[in-house]
Amino acid sequence: MYLDPNFGSMIIQLIIGLIAGAGAYLMIARKKIVSFSFKKKVTKDSTSDNANEGKDHEKGI
Amino acid sequence: MKKEYSSYRDPSGFVYREDDVILRHINKSYIDKFKHMHSSGLYDKLVSEDMIIEHVLVKQESDYLIIKPDKVPFISYPYEWSFSQLKDAAITTLEIHKQAMSYGMFMKDASAYNIQFINNKPKLIDTLSFEFYKEGDPWVAYGQFCSHFLSPLLLMVEVDIRMLQMLRTNIDGIPIDLASKLLKKKGGFAAKQHIHWHAKSVAKHAMDGKVEINKPKKFIKVSKFNHLATINSLIKIIQNLKLDHVSTEWMNYYSNTNYTNQAFNSKSDIVAEYLKKIKPESIWDLGANDGTFSRLAIKIGVKSVIAFDMDPVAVEKNYLMTENHTDDIFPLLFDIMNPSPCLGFNNGERLQVGDRSKPDCILALALIHHLCIGKNLPFEMIAESFSKQSNELIIEFVPKEDSQVEILLATREDIFSQYNQDEFEIAFSKYYHITELNKIDDSNRTMFLMKKRGDYEI
């Protein structure tokens with residue numbers, strides 16, 4: 001089937017595209033921040049675990 | 001060669017029949033796009049995801065190609081679908097468009113008529129729907145998508161499930177301005193963007209010819225990121241649409257019915273026995289409700305059952321029970337008193353049900369009293385109508401003493417002196433031979449197996 005492009009529909013796509021695009025961008029940014037802070041937390045936790053492990057070893061536990 | 005009457009819009013090609021085989025002619029102007037669809041891997045991807053009908057190339061000339069697509073068992077139209085069928089068709093359209101974009105193409109149209117259900121899976125049947133995508137192109141079929149899919153879905157959720165029938169009178173989809181008026185302020189932000197703002201934008205620019213002349217369409221650029229974000233947001237909007245509040249008198253028919261377990265089992269045994277005897281390959285179950293007897297037919301070995309019902313909620317329930325199974329029950333909305341007519345230019349683009357296919361057998365269980373007493377239809381008109389569709393008929397006669405008939409008669413004058421089993425048999429015997437007749441245990445109903453008389457045979 002063939003469809004003639006509709007000017008009004010195209011204009012609104014510009015606006016909706018900007019809104020949806022901004023939403024998608026924020027979602028991606030949020031995910032990145034969450035995964036970065038999660039990684040940081042995990043690294044910190046594992047570092048402190050390792051540190052404790054070391055201490056435990058030192059204690060002979 | 002007989003060209004399909006509805007296949008005139010697309011300059012890329014057309015569909016035609018040769019000895020009852022459907023073929024698609026591809027014009028020279030579309031050959032490079034068709035080849036790209038194959039060489040890029042898009043076609044194989046869509047086939048592997050069960051989203052497009054398969055085809056084989058049967059002829060290749062320098063200025064045209066001919067392909068033979070797989071046969072669609074039964075062509076159905078969007079105004080015959082349930083809410084979830086329309087929803088699944090909409091999501092499939094968007095997913096195909098998204099896939100196409102990752103292979104350098106996009107869908108140039110988004111007509112609901114381009115989707116057909118095969119084993120309850122929506123598939124694109126228009127192989128020529130794809131165009132090359134250029135960064136910045138907006139989706140030319142966006143308006144059509146909103147009219148064919150989003151508007152009716154939102155109207156069904158926010159106004160009434162019966163709003164689907166508007167697609168019958170608007171075969172090019174519900175106009176956005178009309179959808180906006182009917183939705184009023186309902187539908188949340190989704191409706192606000194895609195329907196209300198959209199309607200305003202269309203109205204504004206349709207009236208202002210200067211805008212189109214002075215600012216060529218080239219200036220409208222939608223980045224691929226924003227384009228895909230819009231499509232993803234449409235998918236989410238449609239996935240989240242739910243019919244929570246809807247129920248109808250038929251929805252719990254089998255739990256509210258006057259059948260005892262014994263009567264139900266007896267009826268099931270009789271239907272099974274009849275079906276084993278006549279061994280039909282295809283059945284139309286008229287007034288199928290949630291498809292209880294359609295499923296019985298499939299169990300017995302019937303290959304395909306179309307489960308028609310006039311109640312959109314019953315069809316919805318049946319589809320939801322069917323879509324995850326492999327059995328070939330196809331639930332569709334169909335009102336015997338107001339069946340889908342021939343529509344479109346010269347009444348030739350969309351066909352009435354009887355012109356699309358014929359079943360081997362009709363199943364009309366617990367239906368006759370609704371037609372005769374509920375709608376004043378004489379037996380003979382019903383018999384004649386059924387006899388035009390199939391050679392075999394399994395029909396249940398429900399007498400006046402039955403509590404369901406008593407309910408129907410409770411609010412109307414009993415002008416149905418002819419409504420009795422003798423008159424029923426006389427009227428149907430004009431068109432059919434009654435080959436079997438069995439009383440249903442623990443009930444005053446009777447089952448009939450009928451075979452069409454030779455002079456009326458299809």
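**Exercise 1. State which strand of chain B is joined to strand β3 (residues 21-27) by four bridges, and in which sense the two run.**

Solution. The structure is a predicted model.
Step 1. The partner of strand β3 of chain B is strand β5 (residues 64-69) of chain B, and the two run antiparallel.
Step 2. One residue pair shows the register: I26(B) has L65(B) in β5(B) as its bridge partner.

**Exercise 2. Find the strand that pairs with β5(B) over five bridges, and describe the link between the two.**

Solution.
Step 1. The strand is β4 (residues 55-60) of chain B, and its pairing with β5(B) is antiparallel.
Step 2. Within this part of the chain, K68(B) in β5(B) lies opposite V56(B).
Step 3. Three residues separate β4(B) from β5(B), and the two strands form a hairpin.
Step 4. Taking the pairings together, β5(B) is bridged to β3(B) and also to β4(B).

**Exercise 3. Decide whether chain B is as compact as a globular protein of its length.**

Solution.
Step 1. Chain B contains 18 helices and 16 strands.
Step 2. Its radius of gyration is 25 Å, and the globule rule gives 23 Å for 458 residues; the two values are close, so chain B is as compact as a globular protein of that length.
Step 3. The C-alpha trace of chain B spans about 75 × 55 × 40 Å along its principal axes.
Step 4. Of the 458 residues, 41% count as buried.
Step 5. Take the contacts in chain B between residues at least 6 apart in sequence: 68% of them join residues at least 24 apart.

**Exercise 4. Describe the side of chain B that touches chain A.**

Solution.
Step 1. Count the residues: 36 of chain B are in contact with 22 of chain A.
Step 2. Locate the helices. At least two residues each come from α4 (142-158), α7 (188-207) and α9 (224-239) of chain B.
Step 3. The most is given by α7(B), with nine residues.
Step 4. Sort by class: this side of chain B has 15 polar, 13 nonpolar and eight charged residues.

**Exercise 5. Work out how confident the prediction is for chain A, and where the pLDDT is below 50.**

Solution.
Step 1. Chain A has a mean pLDDT of 71, with 56% of its residues at 70 or more.
Step 2. One stretch below 50 is residues 1-5 of chain A; beyond near neighbours in sequence, this stretch has 18 contacts in the model.
Step 3. Another is residues 53-61 of chain A, which has one contact in the model beyond near neighbours in sequence.

Methods. Residues numbered from 1 in each chain as written. Chains lettered and ligands numbered in written order. Predicted model: local features only at pLDDT ≥ 70, side-chain atom pairs only at ≥ 80, totals over all residues. Pairing = 2+ DSSP bridges. Contact = placed C-beta atoms within 7 Å. Nonpolar A, V, L, I, M, F, W, Y, C, P; charged D, E, K, R; others polar. Rg over C-alpha atoms; globule rule 2.2 N^0.38 Å. Buried ≥ 20, exposed ≤ 12 C-beta atoms within 10 Å, placed from the backbone. pLDDT = per-residue confidence, 0-100.
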